[in-house]
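Good morning, and thank you for the time. I would ask you to look at the structure first, and I shall then go through its parts in turn.

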Amino acid sequence: MSEDEKKLGLVALIALVVGSMVGGGAFNLAGDIALGSNAGSAIIGWIITGIGIVSLAFVFQNLTIRKPELDSGIYSYAKAGFGTFLGFNSAWGYWLSAFLGNVAYATLVFSSIGYFFPVFEGGQNVASIIGASVVLWLVHYLVLRGVSSAALINTVATIAKVIPIFLFIIIAIIAFKWNTFTFDFWGKGGFTWESVGEQVRSMMLVTLWVFIGIEGAVVMSGRARNHSDVGKATVIGLISVLLIYILISLLSLGIMPREELANLPNPAMAYVLEEIVGQWGAVVINLGLIISVMGAWLGWTMFAAELPYVTAKDKVFPKWLAKENKNHAPVNSLWLTNGLIQLFLITLLFSEAAYNFMFSLATSAILIPYMLSAFYQVKLTMTGETYQSGEKRTKERIIGFIASIYAIWLVYAAGINYLLLTMLLYAPGIILYKWALKENDIQKKDTTIEKALMILFVVLAVIAIGGLITGRITI
């Protein structure tokens, strides 16, 4: 197979975007949203999410066109726009989010397997951890065989996983009850700005979690056959998935009352379909979820290993992470990532509601990388870099501002506790950053802003530790 044949085409890139977004979260989306939002607030939340996430997709599309030489995506945008330290933190945050997301996937997939085999019930007992560990190292082996082989498997898994989702949507449309959907539309107190605002805020992390992966084609852009396919794959994948998610969540609210939906076990979609057609519906959805999460797990393993690898090649991560094997797989980065996932899997034995906690932490960790990408688009439109004299940039500037506001809103919506817990993960990265600079003999003096950020990360991490000790912050 030639080097060009090993590259990823448009279909494979779209499958990476769709496959990484449509993971386990899609199958529990209705239940997660129902935990804090009624139908009216969910509609408002989807409008905000749709505008924000589509703007973010267009940001990634525009940056791949304007800056084709930046083929490391999220990391390279932050570095080019705001310096080495913020570039490092963009890569670090994305990597943290990727491997924490895989821990959440492990919990969810074995919770579904527990539907068929009670020994795995709940997804975080000893049997589940052993099973998840076996899957983890099987995925590890597949990625070691080469990214193109893993991407092919991901494409097949993506096609297989959307079949039960489309089946659910078709049956849910037929079974939809308007009276159920409109009952208690705004909540028990009726419409108030305070209540609706809180409900909308509560669903922000949930909706972002199921869209993480929108940048999948951008992260893998260095392995794309045609660079122009990267932006196309991002937008096509995002629009398709957005429509699927809106239908899943809103149709479910027209089948079961919100309180019942919120109390369903994982995955909620299985039990909603079981309510309509009987047990076979739950069987189909649980099988679909297992295929879905396995595919997403594979895709996210590739993303999680790729970013430390490309960052190490750029001398911002320790250089031993830049090693490839004969199949051009990032071998050391993969070992580090999956080794840490294995450690986190063991911690699931000691944490309640592990899936919700892990996906919330993974979502919180990725906010900084998304925010910096949006800021970079705004910066390009303000400075005029890459634009010819007289070329219009108003449209791209507006899109950049909308994506930036959305990213800032998400930080607010996440809440102070998750921000503090995320800083516990970001602060140790400073040590790794300094180590990488020293190892590569890079003589760089920190700017005043970089020093201030380092101090801020450490202070917030110390506050988080204090909150955990006193019980003000719980895991």
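I begin with the lining of the second largest pocket, whose residues divide into 16 nonpolar, 4 polar and no charged. Please keep in mind that this is a predicted model. The pocket in question, the second largest, has a volume of about 380 Å³. Its lining comprises 20 residues, and those nearest the centre are Ile368, Met371, Met423, Leu453 and Phe457.

Which helices supply at least two residues each to this lining? They are α5 (84–116), α17 (354–383), α18 (394–414), α19 (416–426) and α21 (448–470). Of the elements that contribute to the second largest pocket, α17 gives the most, with 6 residues.

Let me now set this pocket within the whole protein. The protein contains 21 helices and 0 strands. Its radius of gyration is 22 Å, close to the 23 Å that the globule rule gives for 475 residues, so the protein is as compact as a globular protein of that length. The C-alpha trace spans about 65 × 50 × 50 Å along the principal axes. Of the 475 residues, 59% are buried. As for contacts between residues at least 6 apart in sequence, 83% of them join residues at least 24 apart.

I turn next to individual helices, and to α18 in particular. This helix has 21 residues, and the distance from its first C-alpha to its last is 30 Å, close to the 30 Å expected at 1.5 Å a residue. Which residues of α18 are buried? They are Glu396, Ile399, Gly400, Ala403, Ser404, Tyr406, Ala407, Leu410, Ala413 and Ala414. As a general point, an α-helix has 3.6 residues a turn, so residues three or four places apart point the same way. After α18 comes Gly415, which has a positive phi, near 95°.

A second helix to consider is α3, residues 39–66. With 28 residues at 1.5 Å each, α3 should span 40 Å, and its end C-alpha atoms are indeed 40 Å apart. Is α3 largely enclosed or largely open? Since 20 of its 28 residues are buried, α3 is largely enclosed by the rest of the structure.

Returning to α5, I would point out Thr84, which lies in that helix. Thr84 has a relative accessible area of 17%, and therefore counts as buried, the limit being under 20%. Beyond its neighbours within four places in sequence, Thr84 is in contact with Lys79, Val316, Tyr433, Lys444 and Glu450.

A contrasting case is Gly190, found in the loop between α8 and α9 (193–202). Gly190 counts as partly exposed, at 26% relative accessibility. Between Gly190 and Lys451 there are 48 Å in space, C-alpha to C-alpha, and the two are 261 residues apart in sequence.

Finally, the cavities. A search of the whole structure finds 3 cavities of 30 Å³ or more, and the largest cavity has a volume of about 80 Å³. What lines the largest cavity? The lining consists of Asn38, Ala39, Thr180, Phe181, Phe183, Asp184, Leu253, Pro257, Arg258 and Glu259. Two elements, α8 (178–182) and α13 (258–262), give two or more residues to this lining. By class, the residues around the largest cavity are 5 nonpolar, 2 polar and 3 charged, whereas the lining of the second largest pocket has no charged residues.

Thank you for your attention.

How values were computed:
Residues numbered from 1 in each chain as written. Predicted model: local features only at pLDDT ≥ 70, side-chain atom pairs only at ≥ 80, totals over all residues. Heavy atoms only, no water. 1 Å grid on protein atoms, 1.4 Å probe; cavity = no way out; pocket = protein on both sides within 12 Å on 5 of 7 lines; lining within 4 Å. Points joined across faces, edges and corners; volume = space filled by probe spheres on them. Helix = DSSP H or I, 4+ residues; strand = E, 2+ residues; numbered from the N terminus. Nonpolar A, V, L, I, M, F, W, Y, C, P; charged D, E, K, R; others polar. Expected span 1.5 Å × (residues − 1). Buried < 20%, exposed > 50% of the residue type's maximum accessible area, 1.4 Å probe, protein only. Contact = heavy atoms within 4.5 Å. Rg over C-alpha atoms; globule rule 2.2 N^0.38 Å.
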